[in-house]
Amino acid sequence: MRGMIASVIPLALAGAANASVSVDSDAKVFRLDGGGVSYAFGVDEKGYLQPLYWGPSLSPGDRLAAHAAPELSGFDPAGAMTAQEYPGQGEGLVTEPGLKAAFADGNRDLVLKYKGYHVSGETLTIDLADIDRPLTVSLNYSIDPATGIIGRNAVVRNAGAAPVRVDQIASAILTLPNQPDYRMHSFSGRHAAEWTLNTQPITSALAVLESRRGSTGHQSDPWFAIDRAGQSGEESGPVWFGALAWSGSWRISVGADNLGRVKIAGGYNPYDFSWRLKPGESLSTPIFYAGYSDHGMGEASRLMHRFQLAHILPGAPVPKLRPVLYNSWEATEFNVTEAGQMRLAEKAATIGVERFVVDDGWFGARNNDRAGLGDWVVNRAKFPNGLKPLIDKVHGLGMSFGLWVEPEMVNRDSDLYRAHPDWVLHYPGRPQTEGRNQLVLNLARDDVRAHLLKVLDDLLTQNDIQFLKWDYNRNWTEPGWPQMKPEDQQRVYVRYIQNLYSILAELRRRHPGVEIESCSGGGGRIDLGIMHYTDQVWPSDNTDPYDRLTIQDGFSHAYTPAVMMAWVTDAPNWANGRSTSLEYRFLSSMQGSLGIGANLDKWTDADFATARTMIAAYKGVRETVQRGDLYRLVPPSAGERSATLYVSRDKRQAVYFQMLHSSMRRDNPMTIALRGLNPDAGYRVRTIDGRPLPAGVPQAASGRYWMTHGVDLTQHGDFTGDALVFETEQP
Ligand code: GLA
């Protein structure tokens, strides 16, 4: 019967039944519904797959239909005028293709039309095929019932007898209705200055976010959000957002076509990309996750945070809370010794640290950054009896033990490079550009993969290690893979990352007790791909607590504070020479996953006492900070102060941080209204560190009071902060 929903198949994602895929097989319309979001596409009279809708939930009975667009003019043929869900590069397409391919006979015309669908478990798959060549594309879709975040990817298959060269392949193309006022939000950055938010209008000028570096990069991040100027704000209005689960060269492009329809394409970066698809071979793309929020950027971020906790991170849907760690890097740099590390460990244990991590310098001939990378054997001059005495000591102090590694890199001055100079990415006879005196091992090679897996497996088998900080301190320059045929060398962009993921997955399988941090000179490798294999990330080498407020504010737009490591380090800070109080440094770091990176040998008794108080206080709120809902009440960009609020999912606890950059106009006060509390519950309030409540803050009031009247907290001085804990009166 025309218009009837022929089959409704609930998606089993997360065990919830309130998501569905609806297939109207007569009208050939497909709908994904979940988390208050509908996403629909359909097949038109000519067989093109067209986007139909993405936004707040439609009613179950709402009918949608796809119709092929007519030619607009001689310059705009019908095929190119029809908005397509995943167009092939052919038929005069002038927007970003889903797939661009070249056949062995030189034909580069690819027209993808609908062939059929099937549903397997949580995934709806749509099959497309070229109109006459044996090349098919399967588009996979899923939707998370809790957040409405959809996951999309594409798989191209060569069913022909000759190879086909894939020049460009997107995970997904997303389409927004024609509106004049879209704005795109994205990140820019560099080493020690990551996570700067930028906002720009979306026009017909294509905006490209990308990494050409072989890895995610500091310069941008595979995340975007789009809202509407004048309609959307931090807590109101529509926001479409998405992130690509890929840690290699990536690209997200956003722009309006000649009819004003906004298209977002995300996937492998086509820059220097090529994959010669052999007969019978297929190539899949990473997953492009995308969501919609009706309540501004704040809710968009909270949806992403919940989604990451529930589906992306190891241990999902309930990843383990992050322990308070100590890391020796800023204290000792390469000058690690058994005695020095033991001394730091003893001191760290007295303040409540739960994990002790030895950073760079423990292995090979690693006395500076010019030697040793690649040789993952203990430096016997520094640890005469191996790591065991230190590890036993750390365990005896009640802490878990962690170690820094940078497996993908090699110094020329290393035994590994001397034995295998051909293992690095390079073009024979050409210069090999170094970064931090190191070269990149070609992890796309299976022998390199096998070697690294063995070395790391041995390290974890022979030592009682609970944590690895996995670093990656340069990007690619000459990405040659000379052992491969010239036409297959560019597979390196995909194979390298696949092998990286497979090593991480295999290590986790063999050593289920080991947790891993993704670090790349700070925040150079943070994305939903690596986060699937790593428990936490290092957002930046910049540990200045005031800079960190901006870094953390940016980071939190895309990623959960649960994985956002934040160390308290020494003052003045190495990055900018700024001096701040230890309390201020703690309050900045307690807004993520707390760590200590200071030189404890230089601390006073008062410093230890402060640290003890603050770490104990953090443990009392960390579940709320790491798993709760984040409200960015006043961003650091707003002026002299900023405020963030973390509300536990049951709304029984809320943690409020108010940070004053510098007092202006005689401590000009500001009343800040909280969000997300239960209006009808009574909340008692206390300072996080047991100091008396500031004047003007009542000891208890309703959630309604805190969210309407707000908090009056006068702050005085420069770089000062306060944190208040709100707890419901009834347990
Ligand atoms: C990178 C990391 C730092 C530290 C050093 C060690 O820069 O981001 O935290 O581990 O390497 O060399």
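Modeller: A residue counts as near a molecule if one of its heavy atoms lies within 4 Å of that molecule. The model discussed here is predicted.

Colleague: Which residues around the ligand come nearest?

Modeller: There are 13 residues around the ligand, and Asp359, Asp360, Arg436, Lys469 and Asp541 come nearest. By class, the shell divides into six charged, four nonpolar and three polar residues.

Colleague: What makes the approach of aspartate 541 to the ligand a polar contact?

Modeller: A polar contact requires a pair of N or O atoms within 3.5 Å. A polar side-chain atom of aspartate 541 lies 2.5 Å from an oxygen atom of the ligand, so the pair meets the cut-off. The side chain of aspartate 359 places an N or O atom 2.6 Å from a ligand oxygen, and for arginine 436 the corresponding distance is 2.9 Å; these pairs therefore also qualify.

Colleague: How much of the ligand does the protein bury?

Modeller: Taken alone, the ligand exposes 310 Å², and the protein buries 95% of that area. The space taken by the ligand is the largest pocket.

Colleague: Why is the pair of arginine 183 and aspartate 227 called a salt bridge?

Modeller: The term requires a side-chain nitrogen of Lys or Arg within 4 Å of a carboxyl oxygen of Asp or Glu. In this pair the closest N and O atoms are 2.8 Å apart, so the name applies. Arginine 183 lies in strand β12 (residues 182–190) and aspartate 227 in strand β15 (residues 223–228), so the salt bridge ties together parts that are 44 residues apart in sequence. By this rule the count comes to 50 salt bridges.

Colleague: Which omega value goes with the cis peptide bond between alanine 316 and proline 317?

Modeller: Omega is about 15 degrees for that bond. Proline 317 is placed in the loop between α2 (296–312) and β22 (325–327). The bond from alanine 571 to proline 572 is cis as well, with omega near -5 degrees, and proline 572 belongs to the loop between β30 (565–568) and α10 (582–589). Most peptide bonds are trans.

Colleague: What is the sign of phi in aspartate 667, positive or negative?

Modeller: Phi of aspartate 667 is positive, near 60 degrees, in a residue other than glycine. Most residues other than glycine have a negative phi. Aspartate 667 is found in the loop between β34 (653–662) and β35 (671–672).

Technical notes:
Residues are numbered from 1 along each chain as its sequence is written. This is a predicted model: local features need pLDDT of at least 70, side-chain atom pairs count only at pLDDT 80 or more; totals for chains, interfaces and linings use all residues. Side-chain values use heavy atoms; hydrogens and water are left out. A polar contact is a pair of N or O atoms within 3.5 Å; within protein, one must be able to donate a hydrogen and the other to accept it, and residues adjacent in sequence count only if both atoms are side-chain atoms. Accessible areas come from the Shrake-Rupley method with a 1.4 Å probe; for residues, only the protein chains shown count as cover. On a 1 Å grid over the protein atoms alone, a cavity is a set of points where a 1.4 Å probe fits but cannot get out, and a pocket is an open set with protein on both sides within 12 Å along at least five of seven lines; lining residues have an atom within 4 Å of a point. A molecule sits in a cavity or pocket if more than half of its atoms lie within 2 Å of its grid points. Ala, Val, Leu, Ile, Met, Phe, Trp, Tyr, Cys and Pro count as nonpolar, Asp, Glu, Lys and Arg as charged, and the others, Gly among them, as polar. Helices (H or I, at least four residues) and strands (E, at least two) are DSSP runs, numbered from the N terminus.
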